[in-house]
Every structure is written in C-alpha cells, then in structure tokens.
Amino acid sequence: MTKASGESLASRTGDVRPLRVALVSPLPPPIGGIARWTRMIQGAAGRSSSVDLMVVDIALRGRSIHQNSMARRLIAGGIQLLRAGGALWWRMLCRRPDVVHVNTSGHLGTIRDLVILAVCRAFRVPLVYHLRFGRVPEIAERGNREWRLMRRMMRGSSAVVVLDARTEQAICSRVAGVLVERIPNCVDLLGLPGTQQMVRQHRNRVLFAGWVIPAKGVEDLLAAWRAIREPTWELLIAGSYEEGYLRRLQSELQPKDAVSFLGELSGSDLLRLMAGCEIFVLPSHTEGFPNAILEAMSLGRAVVATDVGAVPDMLSGDCGVVVPPADPERLADALGCLMKDSSRRDEVGERARRKAAEEYSLKVVFDRYVDLWRRLSSQPCSNQSRDETAPSMPVST
C-alpha cells in the first residue's frame, strides 16, 4: 500500500482500524503445545491496539489423542475440516480478515489446510502457512503424497513460517518462489511463577511434560530411568494418557524406580511443578519448537532433549543437553551426569534462562508475527509513528 492509499483509508474510516487476523489454530482442551501457543498469541493480541485477532478453533474433536485408527482419523478429520472451513467462510462474510494464519501439524490436516487455502483464494485474502512440526525434511526427501500436498499448499500461500533451520533449507531448496520466514515459538514471561514460587521446595526431581504416547519417547525415558538407578531421585511424568497404555508402562516398573504419573495438569500447576524440579526432560521422536522446553528454559531449569525439530537451535550455546532420539543409553548418560553435578545444572539453567528472555519472549516474537501480517496485508499500522506504510504483497496464485 502506498502512502496515498493509506491516507485515503484513514480519511474514509476516520481512523486506521486494527489489522484483522484470522488465526486457524487449536484452543484447549486438550492442552498441547500449539494450543498453549494459541492462548499466548490470543493474549498478546488482546493487549495490542493494532491487531484484531479472530481464532478459528481446530482443536481435536471426535477422538482422543491416542485413537489413531485410520477410520477414526478420517471421521474426526472430516468433521474438523467442515467445521474449520465453514467457520472461516462465515468470518469472511461477516468480518473479512486482512490476513489468515493457519497452523498445521501435517498428516491428514494438510487436506484441511488446502480447504482453508481455497476459502482464502475465493475472498482474495493472503494466507500464512505455519508448519508446526520438525519432520518436514524427511517428508521432502521422500517426496510422497503428503509432500506433494504440502508443496501445493506452500505455493498457494503468501508466506510459509517455519520453526527451524533444517526445515527452512528443505523448503527453499525444493520449492521455488516461496517466501519463507523462520520465527521461533514464544514464552509468556509474565505467566511464569513469581520469585517466591521459584524457590525449589522439592529437589532431586526430573520432570517430563507432554502427551504420554510413544512418539514423545516415554518408553525410552523409562528405560533410561531404570538404567540410572538413583534412589534419591524421582521421575515425574505429567500429561494426558490412555488408561491401557499407562497400565502397560506401569507393569514394567518396580516400586523402587520412583516414577509418578500425574495426568494432565493446568498450565499454572505445571509451571509451578517445573519451577520446583532440577531437570526437565523431553525425549521426543519428533517435535517442532516445544513450548515445554521454552518454559523450562525460562525458569532456569537444566534441559535434556532429543535432536529433533528446533531443539538443537533452542539449546545451542550450552543451554541444555541434546541427545539422539530413540537412544535410551545416551539419554541415561545425559540425565545421570546432570543428576550428579548441581553446579553444572545451575550453569546450564542460567544460560537457558537468559537466552529465553532475550530471544523467545512473547513480546519479541509477537512483534515479528505482526510485522509479517502487515507486510502481507494492505492495512497500514494503527500505531505507526512514521508517515509511510509497509508495501503490500499480492496473494500468491
């Protein structure tokens, strides 16, 4: 948009209205990394006078996170597709957004994403395609149907947001003419426990937080824990689980293993628990940019996690320990070394805390999203101090 067109809009409306953004993303429940991110972005937008955020909720409905049969996935996915497409279409008719931002975890969700793209094209609204998983390089290398659908989605989007350098390189080397922006996830420093709550009442605790499913490396963690055999330490596992899977995991444990399954906790309860633990561990087989690691870093916890997604970038600069995925022996070594060295835990945790505050705070990251949305839309900035506005970018076709 030119300066003249920006002034024309202001004269027609009397004032420049906030940028309207439709965010197609899940909200809790269930509590997951993307859903928690959505809540943070929703909160940041609520405190901003320059952004009017509308959320199209695509949270999992119709099946639990543990029901992975193709029939269940197709039924639940079909319902989700119709709901998301219809909700976005209605918002286009009632309060047409200036830009649409869709979060995706891939798999069958790519079909839903293409429906969202079709709606955006019909109304000539730019679309941001936000890839929230770290297995894109492997998918691109295989060149399978999922990759072909993702490539079509990328080519039709105005911008693609990625979480890590490997994903960015995989896309840029295979999909020409696509605007790729690498933007990290964020952490709300204002939502962390206060100074008094940060005093650790329970030492010698290792915490895992996430869905209790095989892809999160829970079985690797339990195998590593049995190998460590530190009787003065306790392993806490916080997250949603399926009863049958939990019984199988517990059947392989002994009382002396000191493992507690806590189930799903509220965000505030989980943060308080995290602040009171010595080590946070996330041995996932696949990740994007885990919010749980960001929170642990912000609380100054020593982190052990696997080399997936953006985790190596997050823990670079000796801000944590990175081990190969699906390797219980290396995981046990990393945990055991930290458990025996309190000075090392404190040093790693303090570096992580500083890095999270400087690079991943909600304000820093939200401003990057807003800058991207403005560049893609034709709306000028509502709190702009300069006369000129950012140029608009056409919708990709």
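**Figure 1. Strand β11 is mostly covered.** Start with β11, residues 302-306: five of its five residues are buried. This is a predicted model, so keep that in mind for every view below. Which residues of β11 point one way, and which the other way? Ala302, Val304 and Thr306 go one way, while Val303 and Ala305 go the other, and all are buried. That fits a simple rule: in a regular strand, side chains alternate between the two faces of the sheet.

**Figure 2. β11 has a parallel partner in β10 and another in β12.** Zoom out a little to see what β11 pairs with. Strand β10, residues 279-282, runs parallel to β11, and four bridges join them. To find your bearings, look for leucine 282, which stands opposite alanine 305 in β11. Strand β12, residues 321-323, is also parallel to β11, joined to it by three bridges. Here the pair to look for is valine 304, opposite valine 321 in β12. Now follow the chain: β10, helix α12 (residues 291-298) and β11 make a β-α-β unit, and it is right-handed.

**Figure 3. Helix α15 has its buried residues on the same side.** Helix α15 covers residues 342-359. How far apart should the ends of its 18 residues be, at 1.5 Å a residue? The expected span is 26 Å, and the end C-alpha atoms are indeed 26 Å apart, so the two agree. Now pick out the buried residues of α15: Arg345, Val348, Gly349, Ala352, Lys355 and Ala356. They sit on the same side of α15 because they cover an arc of only 130° around the axis. The spacing makes sense once you know that an α-helix has 3.6 residues a turn, so residues three or four places apart point the same way. And what do the buried residues of α15 pack against? Their partners are β10, α12, β11, α13 (311-314) and α14 (328-339), so some elements from the earlier views turn up again here.

**Figure 4. Aspartate 341 caps α15.** This view goes to the N-terminal end of α15, where aspartate 341 acts as the cap. One of its side-chain oxygens lies 3.3 Å from the backbone nitrogen of serine 343.

**Figure 5. Aspartate 113 is in helix α4.** Look for aspartate 113 in α4, residues 109-123. Is aspartate 113 buried or exposed? Its relative accessibility is 0%, so it counts as buried. Leaving aside neighbours within four places in sequence, aspartate 113 is in contact with Val102, Asn103, Thr104, Tyr129 and Met153.

**Figure 6. Two loops at the ends of α4 each hold a positive phi.** Stay with α4 and look at the loops on either side of it. Histidine 107 lies in the loop between β3 (99-104) and α4. Its phi is positive, about 55°, although histidine 107 is not a glycine. At 45% relative accessibility, histidine 107 counts as partly exposed. Arginine 124 lies in the loop between α4 and β4 (127-131). Arginine 124 is not a glycine either, yet its phi is positive at about 55°. With a relative accessibility of 66%, arginine 124 counts as exposed.

**Figure 7. Leucine 179 and valine 180 sit where a loop meets β6.** Leucine 179 belongs to the loop between α7 (165-172) and β6 (180-182), and valine 180 belongs to β6. How do they count, buried or partly exposed? Leucine 179 has 27% relative accessibility, so it counts as partly exposed. Valine 180 has 15%, so it counts as buried. The C-alpha atom of leucine 179 is 9.0 Å from that of methionine 154, and 25 residues of chain separate the two in sequence. For valine 180 and histidine 130, the C-alpha atoms are 9.8 Å apart and the sequence separation is 50 residues. Leaving aside neighbours within four places in sequence, valine 180 is in contact with Val160, Val162, Glu168, Ile171 and Cys172.

**Figure 8. Proline 28 and proline 29 are joined by a cis peptide bond.** The thing to look for here is the bond between the two prolines, where omega is about -5°. Proline 29 lies in the loop between β1 (19-25) and α2 (33-46).

**Figure 9. The whole protein has 16 helices and 12 strands.** Step back from the close-ups for a last look. Of the 397 residues, 51% count as buried. Among contacts with a separation of 6 or more, 74% come from residues 24 or more positions apart.

Notes. Residues numbered from 1 in each chain as written. Predicted model: local features only at pLDDT ≥ 70, side-chain atom pairs only at ≥ 80, totals over all residues. Heavy atoms only, no water. Buried < 20%, exposed > 50% of the residue type's maximum accessible area, 1.4 Å probe, protein only. Pairing = 2+ DSSP bridges. Right-handed = clockwise from strand over helix to strand, strands pointing away. Expected span 1.5 Å × (residues − 1). Arc of directions from axis to C-beta. Contact = heavy atoms within 4.5 Å. Polar contact = N/O pair within 3.5 Å; in protein donor to acceptor, adjacent residues only side chain to side chain.
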